[in-house]
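Good morning, and thank you for making room for this on the agenda. I would like to go through one model with you and take its local features one group after another.

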There are 2 protein chains.
Amino acid sequence: MTKKLLLKDVARLAGVSEMTASRALRGAPDVSAKTKAKIEEIARSHGYVPNRIAGSLSSQSVNLVAVVVPSLNSFVFPEVLSGISAVLKDSPLKPVVGISGYDLEEEESVIREMLSWRPSGLIVAGLEHTEATCRMLQQADCPVVEVMDVDGDPVRHCVGISHLQAGRDMAAQILARGYRRIGFIGTKMPQDFRARKRFDGFTDGLAAQGVTLSDIEHYSGESAIQTGRQLTAQMLARSPDLDCIYFSSDVMSVGGLMHCLAAGLTVPGDIALAGFNNLQILQGLPQQLATTDACRREIGERAAGIILQSRETGGTEGLVFDRLCPAISLGETL
Amino acid sequence: MTKKLLLKDVARLAGVSEMTASRALRGAPDVSAKTKAKIEEIARSHGYVPNRIAGSLSSQSVNLVAVVVPSLNSFVFPEVLSGISAVLKDSPLKPVVGISGYDLEEEESVIREMLSWRPSGLIVAGLEHTEATCRMLQQADCPVVEVMDVDGDPVRHCVGISHLQAGRDMAAQILARGYRRIGFIGTKMPQDFRARKRFDGFTDGLAAQGVTLSDIEHYSGESAIQTGRQLTAQMLARSPDLDCIYFSSDVMSVGGLMHCLAAGLTVPGDIALAGFNNLQILQGLPQQLATTDACRREIGERAAGIILQSRETGGTEGLVFDRLCPAISLGETL
DNA sequence: ATCGGTAGCGAAACCGTTATCGCTACCGGC
DNA sequence: GCCGGTAGCGATAACGGTTTCGCTACCGAT
């Protein structure tokens with residue numbers, strides 16, 4: 001490990017000034033091809049790695065986009081990230097991920113940390129934040145996009161779907177197919193606002209046609225196939241006359257399907273099942289499960305697009321409020 | 001959006017010097033409780049967010065740990081990350097993730113980008129890198145840990161399991177249970193070195209007892225249940241006399257199980273199945289699939305531990321080479 | 001021969017914070 | 001009453017680049 005190599009060292013070795021070396025390595029103009037080649041050669045051979053801390057401080061620009069999501073285990077956010085990465089791919093911007101753990105206090109601290117690096121943009125999942133977080137988002141001098149959800153008041157830009165509507169729509173589909181004894185299995189309510197909204201929309205949609213939920217089960221912790229299977233078993237034991245269960249996540253509905261398989265129940269004959277997200281794990285199972293596509297990838301793409309956009313226009317453009325329309329796929333379980 | 005608030009503004013408002021404000025906000029000593037309270041109050045009420053770019057440049061320290069993994073969709077790396085996060089939780093260090101996309105050139109560029117931020121540590125998946133990457137890892141003036149794999153020559157520290165051995169062990173288990181007509185279904189070989197090593201170890205383990213693979217299928221693209229199901233169907237159609245299939249990933253073996261379910265094949269009666277990773281999606285399925293636990297979380301924990309360790313000791317300690325022992329669980333499909 | 005324009009390069013200021021060192025009260029001990 | 005020690009605070013110089021501006025050749029056109 002040689003002592004750290006600075007720009008001034010590269011410059012000295014190349015017999016030029018720091019400025020010329022800086023320009024050459026950044027591909028800036030005003031450097032002759034010959035000089036540039038020489039400097040690049042020296043930098044490469046000596047393994048020079050520029051110090052972006054110093055560079056960013058000086059240029060007052062950081063080519064990073066902060067992305068704050070609740071979790072990476074849930075199967076849903078990695079795909080949002082894919083969308084973001086894809087769009088940022090051929091721009092100088094790079095995504096940086098922070099995890100809030102479905103905790104608004106933690107979210108606040110993660111966002112504060114992120115903003116302290118003065119990123120070129122911030123993408124954050126959800127519309128619910130602490131007061132302090134909202135202030136930071138408002139005052140941030142970079143584009144801010146709240147994603148996933150449109151049911152609420154975004155601070156600035158917003159891209160997502162209406163989970164309230166998604167719940168209502170699924171209720172309508174379920175009722176339209178004649179189910180009336182309906183159960184709901186959902187995830188940790190207080191912290192997952194979108195799941196909560198789907199639940200509210202769902203009960204709302206049922207109520208619109210005079211139907212109330214016959215059974216409800218809430219659980220804490222991450223969604224898992226195993227959990228879905230166990231809770232489905234419990235619920236059906238408790239309420240054997242149910243004819244349909246709506247799960248707040250596909251991961252859970254897969255568990256439901258697994259229980260039915262094991263218990264010899266036909267789906268949707270004995271019991272209909274529906275989930276949410278349209279995760280990839282639904283493909284290849286014994287039956288195509290009913291679900292709502294959460295437009296995860298597209299949300300990521302559009303959010304990244306907004307960041308790029310307002311970079312070009314200098315951020316003096318109007319607000320974007322992008323409400324995507326999630327498609328329900330009925331599969332074979334409704 | 002108010003014009004950006006600087007430390008000097010906070011200091012002026014509090015009627016103290018920049019230094020005192022800086023000390024107060026960082027919790028450094030030499031500030032009276034009264035002064036500190038006043039400065040903190042002003043900073044909070046005005047929504048001051050410190051500029052960590054400037055701070056890091058000045059203090060020559062960045063409290064970030066760079067983590068470079070091939071993908072976040074594969075179900076496997078998020079759990080490594082969980083382990084890292086958990087250990088870093090109550091230290092000032094924060095993990096920052098970079099995605100290499102199973103591409104060594106991309107990995108090089110991501111690592112270069114990461115190192116240009118002068119992180120406090122670097123954790124990278126795999127032992128195979130471009131020449132330039134290796135030079136960077138050697139010259140990096142922060143602890144470097146290569147994780148997941150121990151079959152090769154680490155640049156510095158290393159934590160992982162032997163995938164070669166994992167393949168061999170699974171071969172031994174399969175042979176011990178009497179299977180002889182064995183197929184293998186594995187992922188994009190040239191880029192996923194660990195899958196390749198499991199394959200090599202597996203064929204090696206079979207060869208040790210005079211058995212050769214009866215059928216082999218390689219595919220490109222991400223692993224998916226659907227893919228596993230289709231390839232299993234194809235392979236069994238082509239080689240109906242197989243009695244066991246080893247998959248390079250649990251995601252694929254789940255697909256295999258789904259095919260058997262659909263085709264009315266009993267497992268392991270008609271065909272035995274085994275995967276790798278011990279992913280959470282194995283829990284709750286109709287049968288407990290055979291697999292090898294890849295120690296993902298523990299690898300993350302130990303890697304983060306090494307970073308913390310060498311931070312305390314000033315990095316003057318010996319190299320760590322941590323070879324974990326993955327446990328095979330036979331489940332009900334072998 | 002003169003002149004305007006530009007390609008190529010360098011000197012100095014600056015980005016916003018922290019490290020370092022020095023200074024001033026104020027305190028208790030003798 | 002003097003003195004050494006320390007708590008509390010401020011001035012200044014980094015940190016390693018980039019921005020800005022200025023300078024020097026050199027070019028073709030007049």
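What follows is a walk through salt bridges, helix packing and some backbone features.

Let me say at the outset that this is a predicted model, and that everything I describe is computed from it.

I begin with the salt bridges, of which the structure holds 32 when all chains are taken together. One of them is formed by Glu79(B) and Arg296(B), whose closest N and O atoms lie 2.7 Å apart. This pair links distant parts of the chain, since Glu79(B) belongs to helix H5, residues 77-88 of chain B, and Arg296(B) to helix H12, residues 296-312 of chain B, with the two positions 217 residues apart in numbering. Are the two partners buried or exposed? Glu79(B) is partly exposed at a relative accessible area of 30%, whereas Arg296(B), with a value of 5%, is buried.

Helix H12 of chain B takes part in another such link, this time through Arg302(B), which forms a salt bridge with Asp322(B) at 2.9 Å between the closest N and O atoms. Here too the pair connects distant parts of the chain, Asp322(B) sitting in strand E11, residues 321-324 of chain B, and Arg302(B) in helix H12, 20 residues away. Asp322(B) has a relative accessibility of 18% and therefore counts as buried, the cut-off being under 20%, while Arg302(B), at 31%, counts as partly exposed. Turning to chain A for a moment, salt bridges with shared partners join Glu128(A), Asp149(A) and Lys197(A) into one network.

A salt bridge of another kind of placement is the one in which the side chains of Asp200(B) and Arg196(B) meet, with 3.4 Å from N to O. Why are these two about one helical turn apart? Because they are four residues apart in helix H9, which covers residues 193-207 of chain B. Asp200(B) is partly exposed, with a relative accessible area of 28%, and Arg196(B) is likewise partly exposed, with 35%.

Helix H9 of chain B leads me to helix packing. Helix H8, residues 163-176 of chain B, packs with H9(B) at an angle of about 40 degrees, and their axes are 6 Å apart. The two helices are therefore oblique to each other, and H8(B) passes H9(B) in a right-handed crossing. On the H8(B) side the residues in contact include Leu164(B), Gly167(B), Met170(B), Ala171(B) and Ile174(B), and on the H9(B) side they include Lys197(B), Asp200(B), Gly201(B) and Phe202(B). Asp200(B), which I mentioned as the partner of Arg196(B) in a salt bridge, is thus also one of the residues that meet H8(B). By class, this contact has seven nonpolar, four polar and six charged residues.

In chain A, helix H6, residues 104-115, packs with helix H7, residues 131-139, at an angle of about 25 degrees and with the axes 9 Å apart. That makes H6(A) roughly parallel to H7(A), because angles under 35 degrees are counted so. The crossing of H6(A) and H7(A) is left-handed. From H6(A) the contact is made by Glu107(A), Glu108(A), Ile111(A), Arg112(A) and Leu115(A), and from H7(A) by Ala132(A), Thr133(A), Met136(A) and Leu137(A). Sorted by class, these are five nonpolar, one polar and three charged residues.

I finish with the backbone. The peptide bond from Val267(A) to Pro268(A) is cis, with omega near 5 degrees, and Pro268(A) is placed in the loop between helix H11 (250-263) and strand E9 (272-274) of chain A. In chain B, the peptide bond from Val267(B) to Pro268(B) is cis, again with omega near 5 degrees, and Pro268(B) is found in the loop between H11 and E9 of chain B.

Which phi does Asn277(B) adopt, given that it is not a glycine? Its phi is positive, at about 125 degrees, and Asn277(B) lies in the loop between E9 and strand E10 (291-292) of chain B. With 8% relative accessibility, Asn277(B) counts as buried. Asn278(B), in the loop between E9 and E10 of chain B, also has a positive phi, of about 55 degrees, although it is not a glycine. Asn278(B) is partly exposed, with a relative accessible area of 24%.

Terms used:
Residues numbered from 1 in each chain as written. Chains lettered and ligands numbered in written order. Predicted model: local features only at pLDDT ≥ 70, side-chain atom pairs only at ≥ 80, totals over all residues. Heavy atoms only, no water. Salt bridge = Lys/Arg side-chain N within 4 Å of Asp/Glu carboxyl O. Buried < 20%, exposed > 50% of the residue type's maximum accessible area, 1.4 Å probe, protein only. Axes fitted to C-alpha atoms, helices over the stretch in contact; angles between N-to-C directions. Parallel < 35°, antiparallel > 145°, perpendicular 65-115°, else oblique. Left-handed = near helix turned anticlockwise from the far one by under 90°. Contact = heavy atoms within 4.5 Å. Nonpolar A, V, L, I, M, F, W, Y, C, P; charged D, E, K, R; others polar.
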